[in-house]
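Me: Could you go through this model with me and tell me what stands behind each label?

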Number of protein chains: 2
Amino acid sequence: MSESKNKFNKDMPSARRNQASGATLIDVAKVAGVSPITVSRALNRPDQVSEKAREKVRRAVEQVGYIPNMLAGGLASRQSKLVAIFVPTIAHPIFAEMVQALMDELSRAGYQAILGLTGYQKETEETLFNTILGRRPDGIVLTGTQHSELMRRRLIASGIPVVEAWDLCDDPIDMLVGFSHEQVGREVARHLYAKGYRRFAVVTAEDARGMRRYHALLDELHHLGIDDVPTAFIPPPSSLNAGREKVCELLDAGHRPEVVVCSSDTVAQGVLAEAASRGWTVPKDLAVMGFGELSNASQVYPSLSSVRLDGDRVGGQIAQALLERFKNPDAEIAPLRIDTGFTIVDREST
Amino acid sequence: MSESKNKFNKDMPSARRNQASGATLIDVAKVAGVSPITVSRALNRPDQVSEKAREKVRRAVEQVGYIPNMLAGGLASRQSKLVAIFVPTIAHPIFAEMVQALMDELSRAGYQAILGLTGYQKETEETLFNTILGRRPDGIVLTGTQHSELMRRRLIASGIPVVEAWDLCDDPIDMLVGFSHEQVGREVARHLYAKGYRRFAVVTAEDARGMRRYHALLDELHHLGIDDVPTAFIPPPSSLNAGREKVCELLDAGHRPEVVVCSSDTVAQGVLAEAASRGWTVPKDLAVMGFGELSNASQVYPSLSSVRLDGDRVGGQIAQALLERFKNPDAEIAPLRIDTGFTIVDREST
DNA sequence: AATGAAAATGATTGCGCTATCATAATTATG
DNA sequence: CATAATTATGATAGCGCAATCATTTTCATT
């Protein structure tokens, strides 16, 4: 026994509607004394309209407080001016930094971003993905290069420009901006080995890219003759406390590594905290290697050795790649692959 | 039925279009053997459609890989299912946390967020604002309560539900979720005074809310008989290094405060770093008070006293308030004002 | 002036979807 | 069984804008 849904007030629906939705292109056109399409052009392609008309339109827009409806515009033009950005989380500084840079750059070009937080969960990614595709983004930014076959196919079929970020691989969906996690693992191994460390341990988050670095590290250590690398895994999201607990487990299990390689600076700071609480001297009693170069890595005591990535730069490069593609959609799609690199920063903790 | 008006003719525009844009509601309807509007209902109001039809639609959607075009849907229904979130930056953990919680909650209800980064700059806020209003969001989340008169008027006129966050004031635009920055300033003053501190100094960022806390702090100290409070201001964005430099300036100018009150934990950690580098013992030689409770506040050495806010909770409350309003748009608009409070956390640094 | 090219403006149509009203199919009621 | 009440489905008409093509105005050139 539900009450029948009543309709809008018959009184003056149009007035009510206009109050809520604001002025339309047609309202502006009337005030300006030109046709609607001229208003549209004055706003979107000013160079196709005479200075006189442009001025009339500008004044009319001002007067009625017109704000273009981008839902309508997007529908008509098939250009949403929207870029979808998928990241695991923005609570992590490195992603926050990238997103910020990316959005800055995009907004300068009149684009906006819509964020998809995949939360490290494979489960929801596809659902999220569908929802966001519903906004018909002009471009898509993905974190990592490991996606379900279905998603890959759909993305390729859609023809939407895609950038896969934070990683490099051999069969990208489209564009690629990142660095090789394998290379990080290998270089960290060699770097620490060269410094004389022989007994390694690892505390790593169980996310895909972290594991890639981990396996490359193991592999390289193996080549260097080191095979026993006690490891503790942290289920995402990793935190300082998790790092502390996990390294504690390793140590309590009787392992006595010279150096602990961590999947992030956050985890590494947990290890530092545990070392401090045991009264150990870093790096003499235990060396610690981070990853990601949090802004305070150089300020904690002892300052943390880490692998520096540049979120700003990655974001900027992605934006550039997308904007280039938007500007020139018909151009031959040259496979774009940008290696943003990384730097091992040696500080007091190793 | 004869085809009265033909849509696209000639070569293959329809095929091309479908490849790019994907299947439409009509395609699904054809496959399912029902009318388009039934497909729409099966997707958006499943309870109004028979189980049989629902199943046919589900299968057809699956088969053609249909993803609803929310631009079209939004235009027709006047519901964008979009919430605009304005924050100064997401590079700051406290905002990142709020945004994450807010987005989580919203997406659960089928809404998505579009982010506006105001970057602490008054200049661009209005421009940004117009661009984002173009997306016709169903709700708007604002940081702070200080906005231009024009924006206030437009927002109120638009009838869009608005939440102002991170602050409380007496004449909100609409809903309000936050805490009193004045109260923080006063309580921090009293708290430190009660602990015996008499010589205060301040290092604060120059943003609006930080200044409100600062003035309340000064005011309360004045009541307690303390009038000389040397202060250094940091132009946004504040950073650990900026905090360190600024406190250095204060000390080099000959001030010898017992306690430094900082506008953020980041700044406070800069002060800690400077104290450490001078070989001072905290809190004996210099006490430090933070704000915002970064996740590592309790882990730095010495652990940092701070004011704890709960970004998760703020985000959640905002989402609830908005969703409630969406569900019940015609309800009497009860002035909503949620005080999320704060907690002074006393640790080793004071 | 005459002519054509270019620039500026306009009329029409439909983007893909949902609100609205109308109708058909089902169930409840006496 | 007829009738009313209740579903379930469909037809139609826009939402506000830009693509497309048609038309008018302006300007340069002969």
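The talk below takes the labels in turn and sets values against definitions.

Me: What should I know about the model and its numbering before we start?

Reply: Happy to help: this is a predicted model, in which local features need pLDDT of at least 70, side-chain atom pairs count only at pLDDT 80 or more, and totals for chains, interfaces and linings use all residues. Residues are numbered from 1 along each chain as its sequence is written, chains are lettered from A and ligands numbered from 1 in the order in which they are written, and side-chain values use heavy atoms, with hydrogens and water left out.

Me: What makes a residue count as near DNA strand C, and how many residues surround this strand?

Reply: A residue is near a strand if one of its heavy atoms lies within 4 Å of it. On that basis 30 residues surround DNA strand C, and the closest are Arg41(A), Leu25(B), Ser40(B), Asn44(B) and Tyr66(B). Sugar and phosphate make up 72% of the atoms of DNA strand C that come within 4 Å of the protein.

Me: Why is the pair between Leu25(B) and a phosphate oxygen of DNA strand C called a polar contact?

Reply: A polar contact is a pair of N or O atoms within 3.5 Å (within protein, one must be able to donate a hydrogen and the other to accept it, and residues adjacent in sequence count only if both atoms are side-chain atoms). A polar backbone atom of Leu25(B) is 2.4 Å from a phosphate oxygen of DNA strand C, so the pair qualifies. Side-chain N or O atoms give two further cases on this strand: Asn44(B) at 2.5 Å from a phosphate oxygen, and Thr38(A) at 2.7 Å from one.

Me: Which elements give two or more residues to the surface near DNA strand C?

Reply: They are helix H3 (36-44) and helix H5 (70-77) of chain A, together with helix H3 (36-44) and helix H5 (70-77) of chain B. Helices here are DSSP runs (H or I, at least four residues), strands are E runs of at least two, and both are numbered from the N terminus. H5(B) gives the most, with four residues.

Me: What about DNA strand D: which residues come nearest?

Reply: Of the 26 residues around DNA strand D, the nearest are Leu25(A), Ser40(A), Asn44(A), Tyr66(A) and Thr38(B). A backbone N or O atom of Leu25(A) lies 2.4 Å from a phosphate oxygen of this strand, and a polar side-chain atom of Ser40(A) also lies 2.4 Å from a phosphate oxygen. Here the largest share of the surface, four residues, comes from H5(A).

Me: How do you know that a two-fold axis relates the chains?

Reply: Copies are superposed by least squares on the C-alpha atoms of residues with pLDDT of at least 70 in both. Chain B falls on chain A after a rotation of 180 degrees with 0.0 Å of shift along the axis, at RMSD 0.1 Å. That is the relation of a two-fold axis. The same surface serves both copies, as 98% of the contact residues of chain B recur in chain A (contact means heavy atoms within 4.5 Å).

Me: What makes the peptide bond between Val282(A) and Pro283(A) stand out, and where is Pro283(A)?

Reply: This bond is cis, with omega about 10 degrees. Pro283(A) is found in the loop between helix H12 (265-277) and strand E9 (287-289) of chain A. Val282(B) and Pro283(B) are also joined by a cis peptide bond, with omega about 10 degrees.
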